[in-house]
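Thanks for sharing this one. My comments follow as numbered points, to be read with the structure open beside you.

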Amino acid sequence: RLKQLLGGEGEGYLTKLSLEMDAALGIFKMLDTEETGAVNIDEFVCSILQLKSNPNNIHFATMMYENKKIMMRISKLSRLVEKNFALLLYDERSGPPKQPDSS
């Protein structure tokens, strides 16, 4: 989908910035940490401009991306551990752990 968006007129913008499609796709993938196929346009444009202003920023951006992915995995693992810990505390006499009231 990004290729479609950057094709035509968008490709002209990349050319003006001396960026190739692969670089733009790489930035998009780095920002799409949740793998939804969508990123914030401001974040995307800002990342492209930062990369253009200092090509060494790619190392920093890569580290930030890796850090974000690791934090998401830790968060998922934490939720899983909490859920399973609650199940371990299950006592047949008192019944399953109470779920928060959704009302």
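1. Let me begin at a polar detail: the side chain of Asn 40 reaches the backbone nitrogen of Glu 43 at 3.1 Å. Please keep in mind throughout that this is a predicted model. Asn 40 also caps the N-terminal end of α4, with a side-chain oxygen 2.7 Å from the backbone nitrogen of Asp 42.

2. Where does Asn 40 sit? Asn 40 belongs to the loop between α3 and α4. Asn 40 counts as partly exposed because its relative accessible area is 40%, a value that falls between the 20% and 50% cut-offs. Its C-alpha atom is separated by 9.6 Å from that of Phe 28, and the two residues are twelve apart along the chain.

3. The loop deserves a second look at Asp 32, which is placed between α3 (21-31) and α4 (41-53). Is Asp 32 buried or exposed? Its relative accessible area is 10%, so Asp 32 is buried. Setting aside residues up to four places away in sequence, Asp 32 touches Gly 37, Ala 38 and Val 39. Across a separation of 37 residues in sequence, the C-alpha atoms of Asp 32 and Lys 69 are 9.6 Å apart.

4. Now to the helix that follows the loop. How far apart are the end C-alpha atoms of α4? They are 18 Å apart, which agrees with the 18 Å that its 13 residues should span at 1.5 Å a residue.

5. Which residues of α4 are buried? They are Phe 44, Ser 47, Ile 48 and Leu 51. Viewed down the axis of α4, these buried residues fall within an arc of 100°, so they line one face of the helix. Asp 42 and Ser 53, on the other side of α4, are exposed.

6. Ser 47 is worth a closer look on that buried face. This serine lies in helix α4, and its relative accessibility is 19%, so it counts as buried; the cut-off for buried is under 20%. Apart from neighbours within four places in sequence, Ser 47 is in contact with Ile 27 and Leu 31.

7. Leu 51 has its place in helix α4 too. Leu 51 counts as buried because its relative accessibility is 16%. Leu 51 and Leu 19 are 32 residues apart in sequence, while their C-alpha atoms lie 9.6 Å apart in space. Turning to Leu 19 itself, and leaving out its neighbours within four places in sequence, its contacts are Leu 14, Ile 48, Leu 51 and Lys 52.

8. Which residues make up the largest nonpolar core? There are nine: Leu 14, Leu 19, Ala 24, Ile 27, Phe 28, Leu 31, Phe 44, Ile 48 and Leu 51. Both α3 and α4 supply at least two residues each to this core, and α3 gives the most, with four residues. Read with the earlier points, Ile 27 and Leu 31 of this core are the residues that Ser 47 contacts.

9. Stepping back to the whole chain, how many helices and strands does the protein have? It has five helices and zero strands, and from the N terminus on the elements run α-α-α-α-α.

10. A few totals for your own notes. The protein has 103 residues, of which 19% count as buried. Among contacts with a separation of 6 or more, 44% come from residues 24 or more positions apart. The exposed area of the protein is about 8,500 Å², with carbon and sulfur atoms supplying 57% of it.

Note on methods: Residues numbered from 1 in each chain as written. Predicted model: local features only at pLDDT ≥ 70, side-chain atom pairs only at ≥ 80, totals over all residues. Heavy atoms only, no water. Buried < 20%, exposed > 50% of the residue type's maximum accessible area, 1.4 Å probe, protein only. Contact = heavy atoms within 4.5 Å. Core = buried A, V, L, I, M, F, W, Y, C linked by side-chain atoms within 4.5 Å. Expected span 1.5 Å × (residues − 1). Arc of directions from axis to C-beta. Polar contact = N/O pair within 3.5 Å; in protein donor to acceptor, adjacent residues only side chain to side chain. Areas by Shrake-Rupley, 256 points an atom, 1.4 Å probe, with all protein chains shown as cover.
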